[in-house]
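Please load the model in your viewer and keep the selection panel at hand, since each stop on this tour begins with something to select.

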Amino acid sequence: MIVASELFRGAAPYYARHTIPYSEDFFRSLARVCRLSNSSRALDLGAGTGQISIPLARLVKDVVSVDVSDEMVKEGRRLAELLQVKNIEFVVSRSEDLNESISSFDIATIASSFHWMDRGVVLAKLAEMLGSEGCVAIIDRERDSSEPGNWCNAMWSDIKEFWGGSFPAGPGGVRPVLTMSNREVLRTSPFNEVTELRHYYERHWNVDDLLGYLYSTSKGAPGTLGPRRDELTTRIRRLLLSYSPSGVFGERGHVTTLLGYRP
């Protein structure tokens with residue numbers, strides 16, 4: 001079994017600063033379609049440092065923000081205090097191990113982390129935790145293009161080569177191989193009435209931002225890299241500057257949100 005928290009050891013400050021934020025339009029759409037109000041309760045699983053939890057807390061009564069990494073939770077709590085967002089409870093836990101009150105939530109969000117979980121077990125637990133009208137929001141970001149050239153694919157290909165042909169999986173871990181899409185998993189769960197939202201984004205980076213983003217991932221977190229951090233940093237900086245000597249990079253993509261409801 002892979003232990004995701006170990007793969008992200010040391011990543012929390014980079015994750016908070018360098019992951020692409022979700023747009024205001026994304027949160028407005030989520031609130032409108034899921035009929036959220038200032039009396040709603042939200043559960044955010046695999047929450048990282050609160051990229052969903054903190055903005056969502058401004059729209060609902062309260063949020064329970066859950067992540068398996070104590071470092072991510074500590075950083076999320078720091079950010080919430082800094083932003084004076086007080087209606088969030090931060091919990092260190094695997095999503096599969098939660099034991100929250102029955103039917104106490106109106107929405108559960110899972111952003112860019114569902115693939116780390118036992119998806120069937122988590123959805124079965126959410127069937128107990130969400131009210132009859134509650135929805136599950138599975139949120140994923142997909143890159144459509146990068147400029148100049150295709151620097152992004154080149155970067156990840158080089159990082160994979162750096163790791164010997166496969167990405168790290170932590171001590172004794174094996175990266176999950178998913179045989180069903182998130183949509184298919186939802187279709188086989190109690191939340192089998194599925195609709196989709198899509199929001200487009202554009203992001204501009206410099207080299208240092210991209211390296212910070214790399215350190216926020218399971219493939220480049222400081223704890224994963226250990227003494228090889230300088231080696232990878234030098235290698236990727238050189239690669240990126242070969243694509244853009246000015247050190248300016250762009251990408252375009254979209255965020256897909258699958259909303260699952262009980263029929």
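Contact here means heavy atoms within 4.5 Å. The model is a predicted one, and with that in mind the tour can start at a pair of helices.

Select helix α9, residues 207–215, together with helix α11, residues 229–243, whose axes come within 11 Å and cross at roughly 135°. That angle makes α9 oblique to α11, and the crossing in which α9 passes α11 is right-handed. To display the contact itself, show V207, D208, L210, L211, L214 and Y215 on the α9 side, which meet R229, L232, T233, I236, R237, L240 and L241 of α11. Coloured by class, this contact of α9 with α11 has 9 nonpolar, 1 polar and 3 charged residues.

Next, move to S29, which you will find in helix α3, residues 24–33. With a relative accessible area of 6%, S29 is buried; leaving aside residues up to four places away in sequence, S29 touches L197 and H199, so add those two to the selection.

Finally, turn to the cysteines: how many disulfides does the structure hold? The structure holds 0 disulfides. Select C34, which is in no disulfide, and then C135, whose sulfur is the nearest cysteine sulfur to that of C34, at 3.0 Å; a disulfide would need the two sulfur atoms within 2.5 Å. C34 counts as buried at 10% relative accessibility, and C152, the last residue to select, also counts as buried, at 0% relative accessibility.

Key: Residues numbered from 1 in each chain as written. Predicted model: local features only at pLDDT ≥ 70, side-chain atom pairs only at ≥ 80, totals over all residues. Heavy atoms only, no water. Axes fitted to C-alpha atoms, helices over the stretch in contact; angles between N-to-C directions. Helix = DSSP H or I, 4+ residues; strand = E, 2+ residues; numbered from the N terminus. Parallel < 35°, antiparallel > 145°, perpendicular 65-115°, else oblique. Left-handed = near helix turned anticlockwise from the far one by under 90°. Nonpolar A, V, L, I, M, F, W, Y, C, P; charged D, E, K, R; others polar. Buried < 20%, exposed > 50% of the residue type's maximum accessible area, 1.4 Å probe, protein only.
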